Amino acid sequence: MKKLLCFLMVLLLFTLPAWAKQADPGEYYQQQYEDSGAADLPDSLPDEARKILEEIGADSPDWESISGLTPESIFSQIGNVASEKSSGPLHAALSVLAVILLCALMDGLKLSFGERPMSGVIGLVGTLCICTIVVQPVVTCIQHVALVIKGAAAFLLACIPVLTGIMVAGGQGVSAGTYNILMVAAGNVISLVAAVVVVPLLNIFLAFSIVSAISPALRLSGLCDLFSSAVKWILTFCMTVFSGLLTVQTVVSSAADSAGAKTMKFVVSAFVPVVGSALGDALASVQGSVRLLKSGVGAFGLLAAGAIFLPVALECLFWLFTLSACAAVGNLFELKEITELLRSSSKVIQILLSLILCCLTILVISTVLMMAIGGGTA
């Protein structure tokens, strides 16, 4: 037995340098980066988002690429996207204002056409003209938002196995299981919402809004207001439940993973003779490289979420500002039909912004919590 124990101790002493070389943090990081599939994540992004990330120099989840970002490049890209997305709403605003001023001019003449006031005819014609200017871009915006939400859901589902594998490699098996279940459910729900809610229901809501503006006798404005309020309350409730559930599950699973990691390090340091402490330090070094990889992938996920939703969010903001400003001008000239149409269209844009912010919040909260739950496991 003594000879056998001596042989095992000598074997450990000779194999430790080779094991430590194999567990070099830089080499282990590169190996995990290639094996985890993190390098393929940019291919899961929509073309527009991938182009934005390439412009700012963050085209890969590698931490060196992420650390090279500068505020100048980010703000410059935001300015370029804003300049590109503002052209359509600006042209529409000029056309709408021209129609409003023409209607106000004709209404100010106080002429009559038979027994019907000329102002009623001018208001109806002006409303129909504004429909041809505003409705088609709003419908296109609805379709664009639906495509962006589907693209974000596809990217989220592509990130889940990568991040889950990294978390398991870093000793966070319990957190990885919780993250996997919740985020798969969230990704599928987001995709379902984009397919079932965004396009059909918002198009119906826009149609009701147009009919309500053109024919006030139908009194559909109350139904439109009820639909808008219901959507916002439902989104707020779903986000509150999801955020609370994800936070509670993350705290509990992080505590379990931390206890397991500390127990493993204690066992290695205490029960492996002579080289136990060295093995424990090497284990901590390997976990540090895994956390570095997880931080890089998480930071890339945050940048990707911003790149996915930034263009469509800016487009909706410009349309919201345009419609609200034009509605204020229409109200100034007391053109009720035109004002009602513009306000109803702006409510559709508000719902689109709520959906965008809801999906963006899901991605940001889940990514930030995933990056934070490994801090004390070494």
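## Exercises on a predicted helical chain

Read along the sequence, the protein chain runs α-α-α-α-α-α-β-β-α-α-α-α-α. The model is a predicted one.

**Exercise 1. How many helices and strands does the protein chain have, and what percentage of its residues count as buried?**

Solution. Start with the elements. The protein chain has 11 helices and two strands. In sequence order, the two strands follow α6. Now take burial. The protein chain has 378 residues, and 42% of them count as buried. Then the surface. About 19,000 Å² is exposed, with 69% of it supplied by carbon and sulfur atoms. Last, the contacts. Take those between residues at least 6 apart in sequence: 82% join residues at least 24 apart.

**Exercise 2. What span should helix α6 have, and where do its buried residues lie around the axis?**

Solution. Begin with length. Helix α6 covers residues 87-108, which is 22 residues. At 1.5 Å a residue, the expected span is 32 Å. The end C-alpha atoms are 32 Å apart, so the two values agree. Next, list the buried residues of α6: Pro89, Ala92, Ala93, Val96, Val99, Ile100, Cys103 and Ala104. They cover an arc of only 135 degrees around the axis, so they sit on the same side of α6. Finally, check the other side of α6. His91, Leu94 and Leu105 are exposed there.

**Exercise 3. At what angle do α5 and α6 pack, and which residues make the contact?**

Solution. Take the geometry before the residues. Helix α5 (residues 71-85) packs against α6 at about 35 degrees, and the axes are 4 Å apart. From α5, the contact uses Ser83, Glu84 and Lys85. From α6, it uses Ser87, Gly88 and Pro89. Sorted by type, the contact residues are one nonpolar, three polar and two charged.

Now follow one of them, Lys85. Lysine 85 belongs to helix α5. Its relative accessible area is 14%; the cut-off for buried is under 20%, so lysine 85 is buried. Set aside neighbours within four places in sequence. Lysine 85 then contacts Glu48, His144, Pro311, Glu315 and Phe318.

**Exercise 4. Which residues of α3 are buried, and which exposed residues does the face turned away carry?**

Solution. Helix α3 spans residues 47-56. Its buried residues are Ala49, Ile52, Leu53 and Ile56. Their arc around the axis is only 95 degrees, so they share the same side of α3. The face turned away from that buried side carries exposed Asp47 and Lys51. Step past the helix end. Just after α3, glycine 57 has a positive phi of about 85 degrees.

**Exercise 5. Is leucine 353 buried or exposed, and which residues is it in contact with?**

Solution. Locate the residue. Leucine 353 is in helix α11, residues 336-372. Its relative accessible area is 12%, so leucine 353 is buried. Leave aside neighbours within four places in sequence. The contacts of leucine 353 are Ala313, Cys316, Leu317 and Leu320. Compare sequence with space. Leucine 353 and glutamate 315 are 38 residues apart in sequence, and their C-alpha atoms are 9.8 Å apart.

**Exercise 6. What is the phi of glutamate 334, and where is its place?**

Solution. Recall the rule. Most residues other than glycine have a negative phi. Glutamate 334 is not a glycine, yet its phi is positive, about 60 degrees. Its place is the loop between α10 (276-332) and α11. Accessibility comes last. Glutamate 334 has 65% relative accessibility, so it counts as exposed.

Note on methods
Residues numbered from 1 in each chain as written. Predicted model: local features only at pLDDT ≥ 70, side-chain atom pairs only at ≥ 80, totals over all residues. Heavy atoms only, no water. Buried < 20%, exposed > 50% of the residue type's maximum accessible area, 1.4 Å probe, protein only. Contact = heavy atoms within 4.5 Å. Areas by Shrake-Rupley, 256 points an atom, 1.4 Å probe, with all protein chains shown as cover. Expected span 1.5 Å × (residues − 1). Arc of directions from axis to C-beta. Axes fitted to C-alpha atoms, helices over the stretch in contact; angles between N-to-C directions. Nonpolar A, V, L, I, M, F, W, Y, C, P; charged D, E, K, R; others polar.
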